[in-house]
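Student: Hey, got a minute to go through this model with me? I'd like to start with the pockets.
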Amino acid sequence: MLSSTSRRRFPALGAALIAVVATLALLSPSAPATAAEGDTAATVGVATRPAGEDGRPDGRSRFTYTADPGQSVTDRVLVGNTGTARQDFTVYATDAYNGDDGGFALLTTAETPTAVGAWLRFDDGSDRATFSLEPNEVRLLTFTIAFPADATPGDHVGGLVASVVEPGQQVTVDRRVATTISARVSGELQPQLSISSYDASYEGDWWNPFAGDVRLRYTVTNPGNVALAANLTSGVSTWFGLPATGMQGGSIPVLLPGSTATYEFTLSGAGQWLFLNPRTVLSPFVDSPDASQQVSVTPVSRDAIAFAVPWTLLILLAVAAGVFFLLRWRRRRDEARAQEWMDYMERATAAEAKELAAAAGAGTP
């Protein structure tokens, strides 16, 4: 079993750099610090990984718990220095949130957590651990998450953060690597996503009636208490339900309970059929390798109406209509002129006949 602090090679924990969240926070706006002249530049490396009771990495990529209100769970994390110089570490828990674009993020170091990030304590009862590690050195930390007696049912998501602050001449960089904490409080689960708004617009070259894009902009809300990701399938139909594009797939990342995010998606290959009816089906799911966390969620769908004016076709129709009416007008004009000539000839002939008859009558004895 590893002791609380052990010295060994650390390749396995290097993989923890792919753990769910990694942030780089600039604490002052300037250029990064450099090594002193003549010194070899040191690299900074931070890694965390869940550990088993034997103190070794146990294959988990996140901390996942299900507990009753008032219950406590104990777990372990390995923190390692994968850099080339001695580093001072601060390890603490914080809460997660979704940005306006749906991106998954953690509270900044200065912000105080109020949910799962506030429930975690280390062995000494503190909410953070500070220590130094030499290159390739690891430390095993044991922590306890105490679920409050009044904790609401559903998912509470945060991260266990290992932070190394690099002071420099003009800038201080806070390098943070975090492993997700997904804590589910037992009780009535309400897994649900809704599409609260759904808009569509057509984009394409006016002269090409056979190609274009339908740009979708939709807002997804998680009104339930389960963190959900979703796969989506979108397509466009036109008159009489005929398909105007093929079905195209996509996805949205995990949306935490109570969060709202707006996304954009582009459907290509839509012709200018004048009337377009884009539609999206959202199929939510729990993005967790833990089968016990999975729940059944009802898909949701929305559609909209967009207009794609076939300008080239309209121009051709306008030209054809113009030619048709021009030819019709000319034909009618020619017919009228012909009729006028015929009427004139008839009058002239009648007058000539009348003159001849008068002359003949005058010459009779």
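Tutor: Sure. One term to begin with: strands here are DSSP runs of E, at least two residues in length, numbered from the N terminus. Also, keep in mind that this is a predicted model.

Student: Okay, so which strand gives the largest share of the lining of the second largest pocket?
Tutor: That's strand 12, which contributes 3 residues to the lining. Strand 11 and strand 16 (248-255) are also in there, and each of these three strands supplies at least two residues.

Student: How many residues line the second largest pocket, and which lie nearest its centre?
Tutor: The lining has 17 residues, and those nearest the centre are Arg62, Thr180, Ala227, Val254 and Asp287.

Student: And how much space lies in there?
Tutor: About 270 Å³ for that second largest pocket.

Student: What about the chemistry, how do the lining residues divide?
Tutor: You get 8 nonpolar, 5 polar and 4 charged residues around the second largest pocket.

Student: Back to strand 12 then. Is it mostly covered or open?
Tutor: Mostly covered. Strand 12 runs over residues 172-185, and 12 of its 14 residues are buried.

Student: Which way does strand 12 pair with strand 11, parallel or antiparallel?
Tutor: Antiparallel, over 14 bridges, with strand 11 being residues 154-167. Strand 4 (residues 63-67) pairs with strand 12 too, but in the parallel sense and over 5 bridges.

Student: Can you give me a residue to look at? What is the bridge partner of Asp155 in strand 12?
Tutor: Arg184. Arg184 is also the bridge partner of Thr66, so put Arg184 on screen with Asp155 and Thr66 if you want to see both pairings.

Student: Changing topic: how many salt bridges does the structure hold?
Tutor: It holds 10. One of them joins the side chains of Arg215 and Glu203, at 3.1 Å from N to O. That pair links distant parts of the chain, with Arg215 in strand 14 (residues 213-221) and Glu203 in strand 13 (residues 194-203), 12 residues apart.

Student: Why do Arg215 and Glu203 both count as partly exposed?
Tutor: Partly exposed covers the range between the buried limit, under 20% relative accessible area, and the exposed limit, over 50%. Arg215 has a relative accessible area of 30%, so it counts as partly exposed. Glu203 is at 34%, so the label fits there too.

Student: What about Asp334, which residue does it form a salt bridge with?
Tutor: Arg333, with the closest N and O atoms 3.8 Å apart. Asp334 is partly exposed at 39% relative accessible area, and Arg333 is partly exposed at 27%.

Student: Which residues are joined into one network by salt bridges that share partners?
Tutor: Glu203, Arg215, Arg217 and Glu264.

Student: And how far is it from N to O in the Asp127 and Arg128 salt bridge?
Tutor: 4.0 Å. Asp127 is partly exposed at 39% relative accessibility, and Arg128 is partly exposed too, with a relative accessible area of 35%.

Student: Last bit, the overall picture. How many helices and strands does the protein chain have?
Tutor: There are 2 helices and 20 strands. Buried residues make up 39% of the 365 residues in the chain. For contacts with a separation of 6 or more, 75% come from residues 24 or more positions apart.

Methods: Residues are numbered from 1 along each chain as its sequence is written. This is a predicted model: local features need pLDDT of at least 70, side-chain atom pairs count only at pLDDT 80 or more; totals for chains, interfaces and linings use all residues. Side-chain values use heavy atoms; hydrogens and water are left out. Buried means under 20% relative accessible area, exposed over 50%, partly exposed in between (1.4 Å probe, protein chains only). Helices (H or I, at least four residues) and strands (E, at least two) are DSSP runs, numbered from the N terminus. Two strands pair if DSSP finds at least two bridges between them. On a 1 Å grid over the protein atoms alone, a cavity is a set of points where a 1.4 Å probe fits but cannot get out, and a pocket is an open set with protein on both sides within 12 Å along at least five of seven lines; lining residues have an atom within 4 Å of a point. Grid points are joined across faces, edges and corners, and a volume is the space filled by probe spheres set on the points. Ala, Val, Leu, Ile, Met, Phe, Trp, Tyr, Cys and Pro count as nonpolar, Asp, Glu, Lys and Arg as charged, and the others, Gly among them, as polar. Contact means heavy atoms within 4.5 Å.
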